Structures are given as structure tokens and as C-alpha cells.
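Got the viewer open? Let's walk through this one selection at a time.

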Amino acid sequence: MADKTILKALRGETQAVPPIWMMRQAGRYLPEYRATRAQAGDFLKLCYNPDLAAEVTLQPIRRFGFDAAILFADILLLPQALGADLWFVTGEGPRLSTITKEDDFAPMKSKDDIHTVLGPVYETVKILSRELPKESTLIGFAGAPWTVATYMIAGRGTPDQGPAHALRMGNNELFEKVIDLLTVSTIEYLDMQIQAGAEVVKIFDSWAGSLKGDAFEKYAVAPARIITQELKKRHPGIPIIGFPREAGDGYIGFAKKTGVDCVALDNSITPEWGAKHVQVDGCVQGNLKSSHMVTGGQELIDGVRHVRDTFAKGPHIFNLGHGITPDANPDNVSLMIETLRENT
Ligand SMILES: Cc1c2[nH]c(c1CCC(=O)O)Cc1[nH]c(c(CCC(=O)O)c1C)Cc1[nH]c(c(CCC(=O)O)c1C)Cc1[nH]c(c(C)c1CCC(=O)O)C2
């Protein structure tokens, strides 16, 4: 299916209308998602139920006709497969067992032991690769080692990733063991998603922005490069999207240094900056403010045109700068898509 619009963009083609999908496009802002989640029981049960996970993946495709579907799962399933305890507190977010000392890390499983727990995820991918409309592209994903490590170390989301930085500086040997285990396990996890039918994979480094200087190179760039190189060795031509969120100047040269085919941009940079400093090296994805999906109106229309027109001279996948939020109005998503495709 070499002519799918997402794959064209990832090969470096400039298109008159960029393809579009949306981070967290299957989510709580959609009544049909909330209904299926209730049917599953809770969020984790939904992630591990292949039929229902495939169903919620397809819901935004049916409703909006996005050019890509992203596998419904979570970046924290991998630590669970490695032996961490994981649960979600409604209204608050994820909780995990913590890693602060060698004894917490020692019982972790190896990269070859993850597939029993993650088997249902591969099954979801298989269902999707059969059921997805032929013009849409199936995106698999994993968290980047640093971002996943921040949750494994702290046992929860943290505003400044303090506990992970404390371990990085206080017991670097243990910290690097966590990063290395996640790096090799992420390769196996994404390899299996590709074998099951994922056509593109995305590496979410949501907390890359809190790594500065040498630490950014060692713990954001290097793991992304190792994962990318190994996956491309095993699956030549598989396109990879990197998302070093809030990396600032770290976005410059990220594609060249890691080998990813596309860099996803957040809202901390302007489209003008992204076009000048990142799109020069190839495809970019982004970066409409998610808040427009809540507020809508003329500002949304202007925002869509601005992002589209600023990236129009090079390869671009239209997306938000971060995930859509539960308070978003689905009508604003339709308006975004109509505006993007106006005049065609
Ligand atoms: C940091 C992170 C996580 N998960 C993810 C990241 C990286 C991207 C980012 O920065 O947003 C990635 C993720 N999480 C989810 C997906 C599915 C695909 C998609 O639609 O984008 C993806 C790609 C579903 C989800 N993951 C989660 C939900 C909401 C859960 C629910 O239905 O109650 C969804 C749809 C839960 C989750 N999962 C995580 C947190 C912090 C939370 C709680 C925050 C929240 O409630 O929005 C960890």
C-alpha cells in the first residue's frame, strides 16, 4: 500500500493536503469510547481485551475518517510485562511499584519474558490490520526508555521527573540498568507489533524536555537511535516517528542523529521554528494546540490554517502538539479536519 498518505509523508513527499491523525484520538472525549470502556470494566482491562481495544481504535476512524489509526494500548504495559505492579487511579493517573534500589530492580524479568503479558496487544494489532479501511495506516507505539523509566522509578507521573533525575545522579549504575532493560525490551515489543501488522511505529518520549545537554544525548537520543537502528535492521523500510516532547533545541538534528523518519513536534515551538529547524531534515508531525479542541471557533480555524500553511513546503503529518483532552468537543475535531481539507 505504498500510496497511503501517511506513508508518503514518511517517505518525504510533500502533499497538497497533509494527512491527519490525532494523539489520544480514541479517548474519553468520545461517548462511544466511554461506553466501550465501561463494557470492559476499566482502562487496563480495555487495553488487554483485543476485541474491545480494536473497537476503540476504530471508533475515531469511523467517526472522522483519520488517515491513521494508533493501536489502543498504553506505554506502561511494558513495565507491567517486565514485572512492575501497575494500576490506574480514576481521576489521578497511573500508579506503579517503585525502583529506588538494586533490590527493586533485581526481580525484573528479561526482554524475552514480556510476550505472555503483551500477547493481547499483538492480537489487537492483528485484528486491526484485518479490519482497518485500506487507505488508513496502522501505527504501533511504545514509550521511550527515559519516559517509561520516570514512571517506573517514581511509581507515578511527576511534574519534574525529580525521582528519576535523583536516581540518574545518585545511583547512575542502577539508572542505566533500567534504561538498558527498557531499550532492549522496547525493541522486542515493537518488533512483535510490526510482525503483527503495524505499518509505522512511534516512540513517545513525553518527558524528554527535562533532560538537558549531555543527559539528553545519553538518555533521549541514544536509546532512540539504538531502537531505530535495530528495528530498521530487522524490518528494512519500517517508518519510525520520534517524539522528544519539549526538547526545544534538542529537536534540531534529532532525525539525523537517531535515524527516525519523522519528528513529532509539541506546542512549545512555533510552526515557523519547526519548519526552519526540523522540517529541513525531513517529515514533521504536529503541532496544533490541543486546547483548540476544547475552545473551537475562528481561533481553531485560524490555528489549523497556520499550522498547515507553515509546513506546506515540506513533508508534514497534521496532528496536535499533545493528546486531545477529555473535555474536548468532538465537533471541533470535525471542524479541524474540514478546515485542513478546505479548497480540495
Ligand atoms: C505518558 C503516557 C502514558 N500513556 C501514553 C503516554 C505518552 C504520550 C503522552 O504524553 O500522552 C501513551 C498513550 N496512552 C494511550 C495511547 C493510545 C493511543 C492514542 O489514542 O493515542 C497512547 C499512545 C491511551 C490512554 N492512556 C490513558 C488514557 C485515559 C484512561 C481512561 O480511559 O481512563 C488513554 C485513553 C491513561 C494514562 N496513560 C498514561 C497516563 C499519564 C495516563 C493518565 C492520564 C489521563 O488520564 O489522561 C501514561
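## From sheet edge to ligand

Start at one edge of the sheet: S1 and S4 pair in the parallel sense over three bridges. (Strands are DSSP runs of E with at least two residues, helices runs of H or I with at least four, all numbered from the N terminus; two strands pair if DSSP finds at least two bridges between them.) Pick Ala68 and you'll find Thr137 of S4 opposite.

One caution: this is a predicted model, where local features need pLDDT of at least 70, side-chain atom pairs count only at pLDDT 80 or more, and totals for chains, interfaces and linings use all residues. Residue numbers start from 1 along each chain as its sequence is written.

Now show the whole sheet: an open one with seven strands, ordered S1-S4-S5-S6-S7-S8-S9, with parallel pairing. S1 (68-70) and S9 (316-320) sit at the edges with a single partner strand each, so one side of each has no neighbour in the sheet.

Next, select 172-196 and 213-234, helices H10 and H11; their axes come within 10 Å and cross at roughly 30°. (Axes are lines fitted to C-alpha atoms, for helices over the stretch in contact, with angles from 0 to 180 degrees between N-to-C directions.)

Last stop, the ligand: which residues come nearest? Of the 21 around the ligand, they are Gly27, Phe43, Gly93, Phe204 and Ser206. (Near means a C-beta atom, placed from the backbone, within 6 Å.) Strands S3 (93-96) and S4 (137-143) are the elements giving two or more residues to this shell.
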